[in-house]
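Student: I've got this structure open and I'd like a close look at one part of it. Could you walk me through the sheet with the parallel strands, and what sits around it?

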Amino acid sequence: MHKILLIDDEQRMLDLLSLYLTPHQHQCTKAQGPREALRYLETQAFDIVLLDIMMPEMSGFELCAKIRSFSDVPIIMLTAREQQEDIVKGLKLGADDYITKPFNEEELLARIEALLRRQAPKNIIEVGGLKWNEERFELSYLGTPIKLTPKEFFMVGQLVKNPGKVFSRDQLILLIWGYDSETEGRTIDSHVRNVREKIRQSGFPVDKHFLTVWGVGYKWLNEAE
C-alpha cells in the first residue's frame with residue numbers, strides 16, 4: 001500500500017480524490033491547505049503528493065518549491081488551468097507530472113502508478129521515512145542524512161534488504177568484513193549499538209525495527225513491533 005498526501009484547499013476535492021484512490025490500495029492523508037501539508041511532510045514519509053495549484057494562502061507553485069527544499073517525494077500537480085506556461089512552471093519547480101481538472105479517474109490512477117514505478121529503484125529502500133540509498137551511499141530520515149561509517153552503512157543495508165531474516169554475528173562478519181577477517185562477535189555488537197544510537201538521534205523509532213534475537217543475532221522488521 002502506498003501513502004499519498006492530498007493537498008487542496010477544498011474539502012470536497014480532498015474527499016473526491018480519497019474516494020478515487022483508497023479502493024486501489026492507496027492510503028490517503030488529506031491536507032486542507034499548505035500549512036497543514038507542511039506539518040505532515042515534516043513528520044511523515046509519503047510515496048507521492050497530489051498538489052493543487054490554485055490555493056489562496058499559498059499557491060501550489062510556492063508549496064512545490066518549499067517541498068523540494070527538503071524532500072524528493074514525487075509530486076503530481078492538479079489544476080483547472082490548461083495554459084502551457086503553468087505546466088512548464090510546475091515542472092521547472094520540481095513537479096514530476098501534471099494533470100488538469102476535471103480529470104479522468106483511470107488516467108489519474110495510471111499516472112500515479114507510472115510515477116511510482118519510475119521512483120522505486122531497487123537500490124533504494126524506504127521504511128517509515130528512513131531511506132537507505134545505495135547509489136548515494138546515504139542513510140537519511142525524512143530527508144536528513146544520518147552519518148554512518150561504511151561498515152555501518154552496509155550492515156544496515158543487509159538488514160533492510162532482508163526484512164524479517166535473522167542474521168547471526170558470524171553471518172554479518174562474513175557479509176561485511178569477508179572470509180579472511182579476524183573480526184569478532186563483540187565488534188558486531190559495538191557496530192549495532194552505534195548504528196542504533198545514530199538512527200535514534202534522527203528521530204526514527206529504530207528500537208521498534210532493529211531487533212536483537214537473543215542468543216542468535218539481529219533482524220530488521222518493516223512493521224514495528
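**A walk around the parallel sheet**

Tutor: Sure, let's dig in. Five strands make up an open sheet here, in the order S2-S1-S3-S4-S5, and the pairing is parallel. Strand S2 (26–31) and strand S5 (97–100) are the edges: each has a single partner strand, so one side of each is left without a neighbour in the sheet. Go from one strand to its neighbour and you'll find them turned by 20° against each other on average, ignoring direction. Keep in mind that this is a predicted model.

Now zoom in on one edge. Strand S1 (residues 2–7) pairs with S2 in the parallel sense, over 6 bridges. For one of the residues taking part, look at Leu-6: its bridge partner in S2 is Lys-30. If you're wondering what holds such pairs, strands of a sheet pair through backbone hydrogen bonds, either parallel or antiparallel.

Next, what packs on this sheet? Helix H3 (residues 60–68) does, touching S1, strand S3 (48–52) and strand S4 (75–79). The direction of H3 makes about 170° with that of S4.

Then there's helix H1 (residues 11–21), where Met-13, Leu-14, Leu-17, Ser-18, Tyr-20 and Leu-21 are buried. Looking down the axis of H1, you'd see these buried residues fall within an arc of 160°, so they line one face of the helix. What covers them? The cover includes S1, S2, S3 and S4, along with helix H5 (105–118). Turn to the face of H1 that points away from the buried side, and you meet the exposed residues Arg-12 and Leu-19.

Pick Ser-18 out of that buried set for a moment. This residue of helix H1 has a relative accessible area of 13%, and since the cut-off for buried is under 20%, Ser-18 counts as buried. Setting aside neighbours within four places in sequence, Ser-18 is in contact with Leu-6, Pro-23, Cys-28 and Lys-30. You've met two of those already: Leu-6 and Lys-30 are the bridge partners from before.

Following the chain from H1 to S2, you pass through a loop, and Gln-25 has its place there. Check its backbone: Gln-25 has a positive phi of about 65° although it is not a glycine. That deserves a second glance, because most residues other than glycine have a negative phi.

Last stop: Gln-44, in the loop between helix H2 (34–43) and S3. Is Gln-44 buried, exposed or partly exposed? Its relative accessibility is 27%, and anything between 20% and 50% is called partly exposed, so Gln-44 counts as partly exposed. Leaving out neighbours within four places in sequence, Gln-44 is in contact with Lys-3 and Leu-142. Lys-3 falls in the stretch of S1, residues 2–7, which ties this loop back to the sheet we started from. As for Leu-142, Gln-44 is 98 residues apart from it in sequence, and their C-alpha atoms are 7.2 Å apart in space.

So, to retrace the route: we began with the open parallel sheet in the order S2-S1-S3-S4-S5, saw H3 pack on it, and looked at H1, whose buried residues line one face of the helix. Try finding Ser-18 in your viewer, then its contacts Leu-6 and Lys-30.

Technical notes: Residues numbered from 1 in each chain as written. Predicted model: local features only at pLDDT ≥ 70, side-chain atom pairs only at ≥ 80, totals over all residues. Heavy atoms only, no water. Pairing = 2+ DSSP bridges. Helix = DSSP H or I, 4+ residues; strand = E, 2+ residues; numbered from the N terminus. Axes fitted to C-alpha atoms, helices over the stretch in contact; angles between N-to-C directions. Contact = heavy atoms within 4.5 Å. Buried < 20%, exposed > 50% of the residue type's maximum accessible area, 1.4 Å probe, protein only. Arc of directions from axis to C-beta.
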